[in-house]
Amino acid sequence: MLLDLQVLGDRLDGQVDVTDQIHTDLTQVNLRPSGAHWLGTDAVGHDELGRLMYGGKVSLLVGLAAGVLATVIGTLWGSIAGYAGGWVDAVMMRVVDAGIAIPALFILLVVSAITTPGVPGLIVILGLVSWLVPSRLVRAETLTLKRRDYVLTLRAIGGTHGRAIARHILPNSVSTIVVAATFQVADAILLVAYVSYLGLGVQPPSTDWGGMLSAGLTAAYSGRWWLIVPPGLAIILVVCAFNAIGDGLRDAFDVRGRG
């Protein structure tokens, strides 16, 4: 109660708290960008700049965590499949091929229709549907590395398979793993934006950039462009940034491409 009175007092005094994304203020709805609200307000009086920052925190958290989880799973799966070879490799990669044949967005929509995942749930779901591509990249790298002299020497002196993977295969696959991780983060941010845009992502009062796009879509037809342009630009810029980082890291690690 005291918190509500303080928020109301701040509003009456003309102070704007952009971090307050819980309390509604029907006296401040759909305001155009101004000095008080740099990006305007939405249909319930939330400051759009604060909403953008709050949604960015959720989108980046989900994207980074899901990208790391997908890369870890894909790295372990691909390294084991590539190092084992034979029927083990064939079976494990057929699982990957079957998973790639099913669109990740379709799986997300089915799961989201069955249950309403929070942020931890979205991270786990995105990680479990996004590890397939990293596994193929790491497997291809492992197939090359396991024939190197230092790996063959380790096996000749009695080194275990686990030691060969942990001490030689994975450390020498760091470049591939790091580049794959940056692209996975960008893909995860896009996927969570897709799901939230369709209303199946994190639920209010939490939000992310995809949810902001969904909430502002109908308002955009009424001329309230400030509800859809900022989150759309944020998604584009962040995804392009991670893709650019991935391209830069790939060029930095690719010593064979240097003149």
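A contact here means heavy atoms within 4.5 Å. With that in hand, look at the whole protein chain: of its contacts with a separation of 6 or more, 68% are between residues 24 or more positions apart. What you have open is a predicted model, where local features need pLDDT of at least 70, side-chain atom pairs count only at pLDDT 80 or more, and totals for chains, interfaces and linings use all residues. Residues are numbered from 1 along each chain as its sequence is written, and side-chain values use heavy atoms, with hydrogens and water left out.

Switch to cartoon view. You should find 11 helices and 0 strands; helices are DSSP runs of H or I with at least four residues, strands are E runs of at least two, and both are numbered from the N terminus. Of the 259 residues, 39% count as buried, meaning under 20% relative accessible area (exposed is over 50%, partly exposed in between; 1.4 Å probe, protein chains only).

Now select 132–145, helix H6. Its end C-alpha atoms are 20 Å apart, which agrees with the span expected for 14 residues at 1.5 Å a residue (the expected span is 1.5 Å times one less than the number of residues). Show Leu132, Pro134, Ser135, Val138, Thr142 and Leu145: these are buried. They sit on the same side of H6, because they cover an arc of only 145 degrees around the axis, taken from the directions from the helix axis to the C-beta atoms. Among the elements covering them are helix H2 (48–84) and helix H9 (174–197).

Stay on H6 and add the side chains of Arg139 and Asp89, which meet in a salt bridge (2.8 Å, N to O). The term means a side-chain nitrogen of Lys or Arg within 4 Å of a carboxyl oxygen of Asp or Glu. Asp89 lies in helix H3, so the pair ties together parts 50 residues apart in sequence. Asp89 is buried at 10% relative accessibility, while Arg139 is partly exposed at 23%.

Next, pick Asp97. Its salt bridge with Arg136 has the closest N and O atoms 2.6 Å apart, linking H3 to H6 across 39 residues. Shared partners join Arg94, Asp97 and Arg136 into one network.

Last stop: select 229–253, helix H11, and find Ile236 there. With Trp225, Val229, Leu233 and Leu237, Ile236 makes a nonpolar surface patch of about 490 Å². Patch residues have over 30% relative accessible area and no salt bridge; nonpolar side chains (Val, Leu, Ile, Met, Phe, Trp, Tyr) are joined within 5 Å, like charges within 9 Å.

Key:
Accessible areas come from the Shrake-Rupley method with a 1.4 Å probe; for residues, only the protein chains shown count as cover.
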